[in-house]
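Visitor: Could you take me through one part of this protein in detail? I would like a close look at the largest pocket, with enough of the surroundings to place it.

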Amino acid sequence: QVQLVESGGGLVQAGGSLRISCAASGGTFSSYGMAWFRRAPGKEREWVAGITWDGGSRYYANSVKGRFTISRDNGKNTVDLLMNNLKPEDTAVYYCALDSRGSGFPTIESDFRSWGQGTQVTVSS
């Protein structure tokens with residue numbers, strides 16, 4: 001099975017930027033779409049961004065569109081999320097997952113698997 005490990009989280013002031021990464025081991029995700037999710041305290045997990053297996057298409061939640069950029073490097077088995085113009089409401093634990101059946105965009109065909117432990121992103125005002 002593929003294991004995913006998130007890293008790169010931290011504390012940043014509002015308006016700042018942060019890049020978080022997801023590294024896969026025990027296999028490869030080169031054949032799968034990938035996605036980032038987040039979960040804030042007291043809230044349900046929210047889909048943030050997705051990317052197709054070859055990086056040809058990218059998708060974003062409306063709340064982060066224009067501010068976040070998802071990318072992947074299949075040679076390194078990594079997927080990154082560059083977060084610009086961060087806002088306090090972006091504070092959450094961020095998780096990556098592979099989509100075994102889809103493009104990384106949440107649809108009825110999606111099957112998100114191999115969740116990591118998450119990385120904490122805190123944005124201060």
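Visitor: To get my bearings, in what order do the elements of the protein run from the N terminus on?

Guide: Happy to help, and please keep in mind that this is a predicted model. From the N terminus on, the order is β-β-β-β-β-β-β-β-β-β-β. In total, the secondary structure comes to zero helices and 11 strands.

Now to the pocket you asked about. The largest pocket holds about 180 Å³ of space. It is lined by 14 residues, and the closest to its centre are Arg38, Lys43, Glu46, Glu89 and Asp90. As for the chemistry of the whole lining, nine of its residues are charged, two are polar and three are nonpolar. If you wonder how such spaces are found, rolling a probe the size of a water molecule over the atoms shows where empty space is left.

Next, the loops that flank β8 deserve a look. The loop between β8 and β9 (92-99) contains Asn85. This residue is not a glycine, yet its phi is positive, at about 50°. As a rule, most residues other than glycine have a negative phi. With a relative accessible area of 42%, Asn85 falls between the 20% and 50% cut-offs, so it counts as partly exposed.

There is a second residue of this kind in the loop between β7 (68-73) and β8 (78-83), namely Asn77. Its phi is near 55°, again a positive value in a residue other than glycine. Its surroundings need a separate word: Asn77 has 14% relative accessibility, and because buried means under 20%, Asn77 counts as buried.

Finally, here is the frame around these parts. The C-alpha trace spans about 40 × 25 × 25 Å along its principal axes. The radius of gyration is 13 Å, which agrees with the value near 14 Å for a compact globule of 125 residues. Of the 125 residues, 42% are buried. The contacts also tell you how the chain is put together: among those between residues at least 6 apart in sequence, 57% join residues at least 24 apart. On the outside, the protein exposes about 6400 Å², and carbon and sulfur atoms supply 46% of that area.

To return to your pocket, then: start from Arg38, Lys43, Glu46, Glu89 and Asp90, the lining residues closest to its centre, and keep in mind that nine residues of the lining are charged.

How values were computed
Residues numbered from 1 in each chain as written. Predicted model: local features only at pLDDT ≥ 70, side-chain atom pairs only at ≥ 80, totals over all residues. Heavy atoms only, no water. 1 Å grid on protein atoms, 1.4 Å probe; cavity = no way out; pocket = protein on both sides within 12 Å on 5 of 7 lines; lining within 4 Å. Points joined across faces, edges and corners; volume = space filled by probe spheres on them. Nonpolar A, V, L, I, M, F, W, Y, C, P; charged D, E, K, R; others polar. Helix = DSSP H or I, 4+ residues; strand = E, 2+ residues; numbered from the N terminus. Buried < 20%, exposed > 50% of the residue type's maximum accessible area, 1.4 Å probe, protein only. Rg over C-alpha atoms; globule rule 2.2 N^0.38 Å. Contact = heavy atoms within 4.5 Å. Areas by Shrake-Rupley, 256 points an atom, 1.4 Å probe, with all protein chains shown as cover.
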